[in-house]
Amino acid sequence: MTVHHVALEAAPADREPLAGFFVLLGFARVDPPSTLRDRALWLERDGTQIHVLFAADPVAPAQGHVAVVAADYDAALERLRAAGFAPEPRREHWGAARCLVRAPGGHRVEVMAAPPGAGA
């Protein structure tokens, strides 16, 4: 069993900036169901989706985060930096590099070079 999707709240104005951010991490837009098209943005990579649900007063948890494995970790960080994002290196866990970066709208995204258990 795998996790299929995570849902994040965002302001409607963050639609395009968020889409661009997750495209830098290898996600592509997919069409949400027609009943959600006006109030959601969906992105997918390798069968995992990120559902962005638009709200007037969105909440980005202070500690919660989305974790994304980037097989091209160094290149992914370069793409983020080139787009104006500031990845913050974190202590290595599970034998792999990782960092945190703020997505448009304030959500924390952990970018990992490998999933837990893969390197150790």
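## Contacts along the chain

Among contacts in the protein between residues at least 6 apart in sequence, what percentage join residues at least 24 apart? The figure is 51%. Do keep in mind, as you look around, that this is a predicted model.

## Overall layout

Let's start with the fold elements. The protein contains two helices and eight strands. Read from the N terminus, they come in the order β-α-β-β-β-β-α-β-β-β.

Next come the overall dimensions. The C-alpha trace spans about 45 × 35 × 25 Å along its principal axes. How does the radius of gyration relate to that of a compact globule? For 120 residues such a globule would have a value near 14 Å, and the protein agrees because its own radius of gyration is 14 Å.

## Surface and charges

Of the 120 residues in the protein, 37% are buried. The exposed area comes to about 6800 Å², and carbon and sulfur atoms supply 55% of this area.

If you are thinking about electrostatics, the protein carries 12 positive and 14 negative charges. The mean positions of these two sets are 3 Å apart.

## The nonpolar core

The largest nonpolar core is made up of 27 residues. Within this core, the residues with the most contacts are F21, F22, L25, V52, L80, V109 and V111. Both helices contribute two or more residues, α1 through 15–24 and α2 through 73–82. Strands that also give two or more are β1 (5–10), β3 (40–45), β4 (48–54), β5 (65–69), β7 (96–102) and β8 (108–112).

Which element gives the largest share of this core? That is α1, with five residues.

## A closer look at α1

Five residues of α1, namely L18, A19, F21, F22 and L24, are buried. As background, residues three or four places apart in an α-helix point the same way, because there are 3.6 residues a turn.

F21 is a good residue to zoom in on. Setting aside residues up to four places away in sequence, F21 touches L80, F85, V101, R102, A103, P104 and V109. Both L80 and V109 also appear, along with F21, among the residues with the most contacts inside the core. After α1 comes G26, which has a positive phi, near 95°.

## L77 in the second helix

L77 belongs to helix α2. Is this residue buried or exposed? L77 has a relative accessible area of 7%, which is under the 20% cut-off, so this residue counts as buried.

Beyond its neighbours within four places in sequence, L77 is in contact with P87, C99 and V111. For a reference distance, take L77 and G95: they are 18 residues apart along the chain, and their C-alpha atoms are separated by 18 Å.

## Two spots outside the helices and strands

D46 sits in the loop between β3 and β4. This residue is not a glycine, yet its phi is positive, near 50°. Its relative accessibility is 76%, over the 50% cut-off, and therefore D46 counts as exposed.

P116 is found in the segment after β8. Why does P116 count as partly exposed? Its relative accessibility is 47%, which means that the value falls between the 20% and 50% cut-offs. P116 and V3 are 113 residues apart along the chain, while their C-alpha atoms are separated by 15 Å.

Technical notes
Residues are numbered from 1 along each chain as its sequence is written. This is a predicted model: local features need pLDDT of at least 70, side-chain atom pairs count only at pLDDT 80 or more; totals for chains, interfaces and linings use all residues. Side-chain values use heavy atoms; hydrogens and water are left out. Helices (H or I, at least four residues) and strands (E, at least two) are DSSP runs, numbered from the N terminus. The radius of gyration is taken over C-alpha atoms; the globule rule is 2.2 Å times the number of residues to the power 0.38. Buried means under 20% relative accessible area, exposed over 50%, partly exposed in between (1.4 Å probe, protein chains only). Contact means heavy atoms within 4.5 Å. Accessible areas come from the Shrake-Rupley method with a 1.4 Å probe; for residues, only the protein chains shown count as cover. Lys and Arg count as positive and Asp and Glu as negative; His and the chain ends are not counted. The place of a charge is taken as NZ of Lys, CZ of Arg, CG of Asp or CD of Glu. A nonpolar core is a set of buried Ala, Val, Leu, Ile, Met, Phe, Trp, Tyr and Cys residues joined through side-chain atoms within 4.5 Å.
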